[in-house]
Amino acid sequence: MAFTFKLENPDGTPADPPTMRSAVPTWEPGDRIFLGPGRTLRVLELRTAQEPAHHALLVVTPDQ
């Protein structure tokens, strides 16, 4: 089963990429999302919603 998450920057704008599908539903602050060579995001916060389709991860690049 795959879970879809919106990815947002701290200012509320969509991250790059703006969404992600994952088999992992339990992302936590500090987790790293490896998108490919040289592309990593760090999870700051999981924002849950009543509808799983509206869950979002607040992320930054590791150097931020």
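This tour goes from the whole chain to the sheet, then to its core and to a few single residues.

**Setting up**

The model is a predicted one, in which local features need pLDDT of at least 70 and side-chain atom pairs count only at pLDDT 80 or more, while totals for chains, interfaces and linings use all residues. Residues are numbered from 1 along each chain as its sequence is written, and side-chain values use heavy atoms, with hydrogens and water left out.

**The whole chain**

Start with the full chain in a ribbon view, where the secondary structure comes to zero helices and five strands; helices (H or I, at least four residues) and strands (E, at least two) are DSSP runs, numbered from the N terminus. The radius of gyration is 11 Å, close to the 11 Å that the globule rule gives for 64 residues, so the chain is as compact as a globular protein of that length. That radius is taken over C-alpha atoms, and the globule rule is 2.2 Å times the number of residues to the power 0.38. Taken along the principal axes, the C-alpha atoms fill a box of roughly 30 × 25 × 20 Å.

Switch to a surface view next: the accessible surface comes to about 4300 Å², of which 54% belongs to carbon and sulfur atoms, with areas computed by the Shrake-Rupley method with a 1.4 Å probe and, for residues, only the protein chains shown counted as cover. Of the 64 residues, 27% count as buried, where buried means under 20% relative accessible area, exposed over 50%, and partly exposed in between (1.4 Å probe, protein chains only).

**The sheet**

Return to the ribbon and select the five strands, which form an open sheet in the order β2-β1-β5-β4-β3 with mixed pairing; two strands pair if DSSP finds at least two bridges between them. The edge strands are β2 (14-22) and β3 (32-36), each of which pairs on one side only. From one strand to the next the twist averages 35°, with axes being lines fitted to C-alpha atoms (for helices over the stretch in contact) and angles running from 0 to 180 degrees between N-to-C directions.

Select residues 3-8 and 56-60, which are β1 and β5: these strands run parallel and are joined by three bridges, and L7 has L57 as its bridge partner in β5. Moving on to β4 and β5, five bridges join these antiparallel strands, and the partner of R42 in β5 is V60. R42 is also a useful pointer to β3, since R32 stands opposite R42 in β4.

The pairing of β3 and β4 is antiparallel too, over four bridges, and here F34 stands opposite T40. Zoom in on the hairpin of these strands, which has two residues between them, and find G38, which takes a positive phi near 75°.

**The core**

Now show side chains for F5, L7, A15, M20, W27, I33, L41, V43, L57 and V59, the ten residues of the largest nonpolar core. Such a core is a set of buried Ala, Val, Leu, Ile, Met, Phe, Trp, Tyr and Cys residues joined through side-chain atoms within 4.5 Å. Colouring by strand shows that β1, β2, β4 (39-47) and β5 each supply at least two residues of this core. Select A15 by itself: leaving aside its neighbours within four places in sequence, A15 is in contact (heavy atoms within 4.5 Å) with L7, E8, N9 and V59.

**Single residues to visit**

From A15 go to E8, which lies in strand β1 and is buried, with a relative accessible area of 18%. Not counting residues up to four places away in sequence, E8 touches T13, A15, R47, A56, L57, L58 and V59. Follow the contact to R47, which lies in strand β4 and is partly exposed, with a relative accessible area of 31%. A C-alpha to C-alpha distance drawn between R47 and E8 reads 9.9 Å, for a sequence separation of 39 residues.

Next, select D16 and P17, which are joined by a cis peptide bond with omega about 5°; P17 belongs to strand β2.

The last stop is A23, in the loop between β2 and β3, which is exposed, with a relative accessible area of 60%. Not counting residues up to four places away in sequence, A23 touches M1 and F3, whereas the C-alpha atoms of A23 and T61, 38 residues apart along the chain, are separated by 21 Å.
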